[in-house]
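Notebook open, structure loaded. I'll jot things down in the order I looked them up.

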Amino acid sequence: MVNADEDKSAYSIQTVDLTKVFAKKKHRGVLGFLRRNVEKEKSKSEGGEAVTIALDRVNLKVQSGELFGLLGPNGAGKTTLVKCLATILIPDGGTAVVNGYDVLKETTMVRASIGLVVGGERTLYWKLTARDNLMYFASLYKMPRKEAKNRVNELLEMMDLLDRADERLEDYSTGMRQKIAIARALLHNPPILLLDEPTLGLDPTFSRQIRNQIRGLCRDEGKTILLATHYMYEADEMCDRIAIINNGQIAVVDSSNRLKAMVKERELVEVACVNPPVGIEAELKAMCKDVDIVTLIQGDEAKSTPSRIKIIGEGAEEHIGTVIDALRRKKVQITSLNVGMPTLEDVFIKLTGGAKLTEGGEAETERHEAQ
Amino acid sequence: MNLLNPIRLFFSSAVFSFKAQFGWLNPPMWFTMKVVMPLSQMAFFVFVGQFLITTGNAHPDIIAYMAIGNSMMMLSWNTVFSVINITSNDKWDGTLPLMLATPAHRLPVFVGRAMVHVLDGMLSVAISFAYALFLFGVNFGNTNTLALIVAVFLTSFTMAGFGLLIGGLSFYYRDPMVFANIFTFILLIFSGINFPVQALPQPLQFISYIFPLTYGVDAGRKAIAGQTLFDIAPLLGQMLIVGFISIILGYVFFISFEHVARKTGRIEAV
Amino acid sequence: MPQPLRVIYSAFRLAMLHWIVDPQWVIPNVIAPFVFTFVALTLFKEASGPFGLYAVLGGGMMGMWGNTLYGSGFAISFEKWQGTLEEVEAAPSNLLHVIAGRSVSNALFGLTNMVAILLIASAVFRVPLGVANPILFGVSMVLTLLSVSALGLIFASAFVLTRSAQVFTNGLEFPIYVVSGSMFPIALLPFWTQPASYILGPTWGIDAIRLAAGQENASMAFWLDKVGKENAFLAFWLDLGVMLLITLAYLVIAAVLFKMVETKSRRDGSLVEA
């Protein structure tokens, strides 16, 4: 159990054994109400309950003024964790304290302490102006009207949108709308920001602007920021510390450099190639039996990102020849070879025993590196 | 010319249309639309009629008049309302550009979608007739069954055509639900459901004859009163003409919309 | 201004702004009452007696009810569709106050609907709009509006529990038109439906409105039978009293139900699902 008073000055966010479980839902068709009973009996007879463990005893401590990253693939539990901290989901076990307030017992105080930004297209009233949106939310944050007016103007200016404040959000670009979403989270000047994929779906220019803004809020205003993302470079570039999460569990928490040091230089070989044949991963695994991890990350021809074969573990370097020979025999075009210089992706793969981040994550990495 | 292809398109559109409505028409919703709504709409007007009778302002025959009229009107929920929704769902769901990019002939696709609702509409009328008989004491003893079945079928068919017309028109408008609601409810005023067309102000009466339902309700009442198929044939003939004109006009609207959309490049924004 | 009232006002204002920029969504909610009133007026055209005003008041009531059912019933769903529900929930203000603001705006649309029906009916059907006591008429209209809003709050909560809220809106709209006695006395209904009529606040509200309009003969006569027709004034206040009690009950039920629904939704994640 967390002692809120004791830890208040040290940690802005603290969770102890935080658990969240969802019942598995099947989409029911016209006759689904008949099917549902059959499935229920089946799962009972197999000794299991049809549930998804979204968070599995998560223990996290985020220090005051820290920019803390939560890195993991889609479905890892990042959003669930953010929503539990934001009090819009009730955890099924454990405790969470935000700004010294328990998320279950002092919900209103937690809500007054946080600003929430969720990535995605629709989080605002599109038919209304930016100003109307912000003034409305200011009233929900219990801001006196005059103070709200001034603050809204201040934030619109910060976001460089003051001259478009009275235009409808449906006429804004996605990036501009996301700026308004961030402005909304800052209305009441909360000490803590919870950002769930804030750059999702944004082009590189806006993404960079948003990231700069986030960094500024932490560095200049001392805000504590929890940033959930599946973009590795984003976590790598911005965060003081990163927690890698997968399948509802925190695998490791440390700074980016120390995480990358977990994969020693000689323990990583990466071969980028074009259109590797089906079955190549299994073949290479058989050839490199003594290495911990051999994995293929498929590229995307449409986005011009190559596929990558990664060999991670002790003795990886000794298998360079084996891999290249195997690819040449199958007439696969090799575009680059990297030995050493592990990324967070390599750390993630090593820690999760070969699980992969999403295609989007890798594609973003390539585009980001190309800038 | 391959005739099998249009036939195949017709039937696959019909099946798709039937299945697609279950995207929103789950069992409780089906129950509501098939069982609850017909009863409550009929009950509403029957009790208004009863009110008029008890205050000496109407003849008791008004109950049967209203019950039969509202029964026939029930098919408009399946035909007009559903067809408008299915027709414009493509636009709403964003699949319209994909459909327009196919080489499929538009007419069987367009018409196929509507026709499956014809049978569904007939089922609604049958359920409503059961209410009229068992709950409101309407006398079906003199009914010419053949004439009634044909009248109901043709009314349902022509009203599906009318639904296509409004569905085609609603492509040009952002929210098809508004059209669906207006054109379903407006039938209550103009189609002789609760009072004869002649009770409307003279300048408005011509509007009634745009709707196939007006002819269908009249034919239905006559069939229940014992008139034969031969007796009601002229009414049915007029209704078929109106119905086919509706289908053709609806198709024309649809094709012209496609042309406009391809020219301006703004399908969803229209 | 106390914070709850401020939130209610802000939500009300937001709903009005939405209506101004996109008024067409109101149309499906107002079509049925307009059409039903038109039909009733045509049926009552040749009837002797003040049926005209009877029909328009009933139609207006139906309009208020229709807007509440669709508008309030979908108040929470509206936030979901907009994508703003999570952010509104994460704010320190009570979501119930937000929904209450929406509910009031919907009932106001309904009231506007009623006024529009009154004016159009008067113009087209030459229905005389004279009411016996305009002040009491106004009072009863406003209080009925609030009663309908309170009922809307219950629906707002209930509709969160189901993916098939549409079932309830379609399923409840017409039955309520029937049992509330909007267009005919509830005495004509089968006896077993009458309890359903009496637990509805709007049933008493419309009776009060009719008494204020001078239509004692059209009253459901629950009180008139007991106090006598010469005491219509007393019957009016008794109607309002019963309606207010029922409305209070609605508010309590709404608050309890909302809390239950909100907690359940936060627990199983359905509040934040698409």
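**Entry: helix 3 of chain A.** I began with helix 3 of chain A, residues 78–85, where eight of the eight residues are buried, so the rest of the structure largely encloses this helix. This is a predicted model, so I read everything here with that in mind. For burial I need 20 or more other C-beta atoms within 10 Å of a residue's own. Going through the helix, I ticked off A:Lys78, A:Thr79, A:Thr80 and A:Leu81 as buried, then A:Val82, A:Lys83, A:Cys84 and A:Leu85. Two lysines are on that list, A:Lys78 and A:Lys83. I then looked at what comes after the helix and found A:Thr87, which has a positive phi, near 70°.

**Entry: the core.** Which residues have the most contacts inside the largest nonpolar core? I get A:Leu226 and A:Leu227, in a core of 261 residues. I also checked the domains of chain A: domain 1 (4–254) and domain 2 (262–370) each put at least three residues into this core. Next I listed the neighbours of A:Leu227, leaving out residues up to four places away in sequence. A:Leu227 touches A:Leu67, A:Phe68, A:Gly69 and A:Leu70, and also A:Leu195, A:Ile214, A:Met238 and A:Cys239.

**Entry: chain C by itself.** I counted twelve helices and zero strands in chain C. The pattern along the sequence is therefore nothing but α, given that helices and strands are read as DSSP runs. Of the 274 residues in chain C, 54% are buried. I looked at contact range too: among contacts between residues at least 6 apart in sequence, 81% join residues at least 24 apart.

**Entry: where chain C meets chain A.** How many residues does each chain bring to the contact? I find 27 residues from chain C and 27 residues from chain A. On the chain C side, the elements giving two or more residues are helix 1 (3–21), helix 5 (85–90) and helix 12 (232–268). Helix 1 of chain C gives the most, with eight residues. I sorted the chain C side by type and got ten nonpolar, nine polar and eight charged residues.

**Entry: confidence.** I left the scores for last. Chain C averages a pLDDT of 82, and 89% of its residues score at least 70. Where in chain C is confidence lowest, and where is it highest? It is lowest in helix 11 (residues 224–227), at a mean of 69, and highest in helix 1, at 90. So much for the single chain; for the model I noted ipTM 0.86 and pTM 0.79.

Note on methods
Residues numbered from 1 in each chain as written. Chains lettered and ligands numbered in written order. Predicted model: local features only at pLDDT ≥ 70, side-chain atom pairs only at ≥ 80, totals over all residues. Contact = placed C-beta atoms within 7 Å. Helix = DSSP H or I, 4+ residues; strand = E, 2+ residues; numbered from the N terminus. Nonpolar A, V, L, I, M, F, W, Y, C, P; charged D, E, K, R; others polar. Buried ≥ 20, exposed ≤ 12 C-beta atoms within 10 Å, placed from the backbone. Core = buried A, V, L, I, M, F, W, Y, C linked by C-beta atoms within 7 Å. Domains from an automatic or database assignment. pLDDT = per-residue confidence, 0-100.
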